[in-house]
Amino acid sequence: MALLSFENLSFSYPEASVRALDGVSLDIEQGEFVLLCGPRGCGKTTLLRHAKSVLSPHGVRGGRVLLEGVSLESVEVSKQAARIGFVMQDPDAQLVTDKVWHELAFGLENLGVEESAMRLRVAEMASYFGIESWFNREVRELSGGQKQLLNLASVMAMHPDILVLDEPTSQLDPMAAAEFLSTVRRLNLELGTTVLMTEHRLEGLFDLADRVVVMGAGRVLVDGDPRNVGQILHADGDGMRHALPTPMRVYFDVMSENASDASVPIGVREGRMWLTSFVGEKPAGGRLAFDGDLVEPGAQKGAEGKGPEGRGAANEIITRKGSAGRAAAEEWALELKDVWLRYDRTLPDVLKGLSLRVRKGSVHAIVGGNGVGKSTLLKAVAGVVKPYRGTIRILGEKVVGRRSRELFRGALALLPQDPKSLFVKDSVRDELAEMLEDRSFSKQEIDERLHAVGERVGVANLMDAHPLDLSGGEQQLVAFAKVLLTEPRVLLLDEPTKGLDAMSKIGLAALLCDLVAEGIAVVMVSHDVEFCARHADEVSMLFDGDIVTSDTPRRFFAGNAFYTTAANRMSRHVFANAVTDEDVVQLCRF
């Protein structure tokens, strides 16, 4: 008997014309690690929330959810809490207490666990998850990765049979995400905890899962072994093939019709082994090829050229449509000089003498671990928080002293990490129209502008939906459309790919290229190193409140041992400076 079963489950949100779930039948067996994936809006999160009664969304439902053959509606809420652990996408959304130790004990207190047993479980979880060193800290002092690990530990303290995770790594830096996923897999292998997880970033997940389930339009499309699922998605030419792990994409593109199920690599280690056998051993320092030219390691061409540092390289998915990205060195859209900032006099500095310059008509990515100050940097530029020392200039003018209306109309726009913070209306159309209320546009002009931005961002079909009924990726795009209506010249993006599927990322990349061609500067904080490697002009790393390095994506990611792309990690022993799967494929064809 399956531990958790969805039987012909259908669901519609209020006033929605299309079902979010349409006859989903799925069994999760005891001890399995099941990865649930699919494009934005396909019903993944809606399905997961039906696995726990208190989280089930409001709407019209058909079919059943069973816990070991018993209808979930018949299982007491307290028993559900004990047997079904749920970790949400946003770490802060699940935290309810002020202290780490209290958060660990909170669920056990609600279950009525005796104090002696509670103390033992809390101590055990703190030790297992490595929380001892911050056991007595305030929750608000933790980084995003620590908060998510605390959520997982708090859930596991109740000894659940199944762990349900809804994009748990979407707000974690690459190393924190890898550590989190490793811990989840350890729980699955060592404790036998069943895992049902949904994610958009599938790198490093396929090789952990026993089964991969792909959803589309509220239905289960593919269900099977990770290798077979990858082969099916590739053979069908499905858009989800772009979300496959880098080793699989490289293998399919290189081997083409010679690909076989048995030899498909699904993780970096297998990808490295396959690449070694395909290419043969080479000393680290092999040659790179771009636009047909062989470039020796260490040879550098200018940003105007078509060498490894040029943006016109043939291996790029998206190429710039104009020369606006070639701004002269003195044409800065954004300048920060010796910026110091703390949130309170009694608290330590978050930004410590930070200096940064961003060219007009460029994409500048800022990466770094959770809690190092990336979002604070964007807020400082937007005037949301005030530095106590240093200067910030937007388009040559100081931010300090400028009125918000002047700053945010035609000059600067900020897309926050939580798109819901921008939503105040009952429909997407009204959300977007709000941005034009104080402009002297006719109704026809407003409709035309809304249609244009909706088509441009990919939300034209969502105009009548309630923003809070949308998936996380759809909310992200609606918020993006909203800030674009301010017609900014400097665009600040805080985790813009969060919640987006692979096809939406390709669309976002194309949109960024268009904006850059118009001379707009984009400053992007992101944990998505693959996206940054492909689409940024420059990458800066923020550490301990300051920028420690800035460089082109190729030099930045190829020079890192851990903070780099899967393509670089699987190929660096045979190819020098390959940082995207397109790089590796091109080099394999020599």
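**View 1. A mixed open sheet of six strands in the predicted model.** In this predicted model, six strands make up an open sheet of mixed pairing, arranged in the order β6-β7-β8-β3-β9-β10. Strands β6 (84-87) and β10 (219-224) stand at the edges, and because each has a single partner strand, one side of each is left without a neighbour in the sheet. On average, neighbouring strands of this sheet are turned by 15° against each other, direction ignored. Two helices that pack on the sheet can be followed from here: helix α6 (residues 144-156) touches β6 and β7 (162-166), and its direction makes about 170° with that of β6. Helix α8 (residues 226-236), for its part, touches β9 and β10, with a direction that makes about 125° with that of β10.

**View 2. The hairpin of β9 and β10.** Strand β9 (residues 211-216) and strand β10 run antiparallel and are joined by five bridges. The two strands form a hairpin with two residues between them, and in the turn Ala 217 has a positive phi of about 55°. Which residues of β10 face those of β9 can be read from two pairs: Val 212 has Gly 224 as its bridge partner, while Met 215 stands opposite Val 220.

**View 3. The surroundings of Gln 94.** Gln 94 belongs to helix α3 (residues 91-94). Is this residue buried or exposed? With a relative accessible area of 17%, Gln 94 is buried, because the limit for that class is under 20%. Once its neighbours within four places in sequence are left aside, Gln 94 is in contact with Phe 86, Val 87, Met 88, Glu 103, Asn 151 and Val 155. One of these residues, Asn 151, is 57 residues away from Gln 94 in sequence, yet the two C-alpha atoms are 7.0 Å apart in space.

**View 4. Helix α10 and what covers it.** Helix α10 (residues 268-279) has twelve residues, which at 1.5 Å a residue should span 16 Å, and this agrees with the 16 Å between its end C-alpha atoms. Val 268, Gly 271, Trp 274, Leu 275 and Thr 276 are the buried residues in α10. An α-helix has 3.6 residues a turn, so residues three or four places apart point the same way. The elements that cover the buried residues of α10 include α9 (246-255), α19 (566-571) and α20 (581-588). After α10 comes Gly 280, whose phi is positive, near 90°.

**View 5. Two nonpolar cores.** The largest nonpolar core has 73 residues, and Phe 129 and Leu 152 are those with the most contacts inside it. Leaving aside its neighbours within four places in sequence, Phe 129 is in contact with Leu 149, Leu 152, Ala 153, Met 156, Thr 183 and Leu 187. Another core, which lies apart from the largest one, has 50 residues, including Leu 470, Leu 515, Val 539 and Ala 558.

**View 6. Strand β1 between its two partners.** Strand β1 (residues 4-12) has nine residues, and seven of them are buried, so the strand is largely enclosed by the rest of the structure. Seven bridges join β1 to strand β4 (residues 60-67), and these two strands run antiparallel. Strand β2 (residues 21-28) also runs antiparallel to β1, to which it is joined by five bridges. Leu 4 can be used to locate both pairings, since it stands opposite Leu 67 in β4 and also opposite Ile 28 in β2.

**View 7. Cysteines without a disulfide.** How many disulfides does the structure have? The count comes to zero. Cys 42, for example, is in no disulfide, and the nearest cysteine sulfur, that of Cys 37, is 8.2 Å away, so this pair does not meet the cut-off of 2.5 Å between sulfur atoms. Cys 42 is buried, with a relative accessible area of 1%, and Cys 513 also counts as buried, at 4% relative accessibility.

**View 8. The chain as a whole.** The chain has 20 helices and 22 strands. Of its 590 residues, 55% are buried. Among the contacts that link residues at least 6 apart in sequence, 68% join residues at least 24 apart.

Definitions and conventions
Residues numbered from 1 in each chain as written. Predicted model: local features only at pLDDT ≥ 70, side-chain atom pairs only at ≥ 80, totals over all residues. Heavy atoms only, no water. Pairing = 2+ DSSP bridges. Helix = DSSP H or I, 4+ residues; strand = E, 2+ residues; numbered from the N terminus. Axes fitted to C-alpha atoms, helices over the stretch in contact; angles between N-to-C directions. Contact = heavy atoms within 4.5 Å. Buried < 20%, exposed > 50% of the residue type's maximum accessible area, 1.4 Å probe, protein only. Expected span 1.5 Å × (residues − 1). Core = buried A, V, L, I, M, F, W, Y, C linked by side-chain atoms within 4.5 Å.
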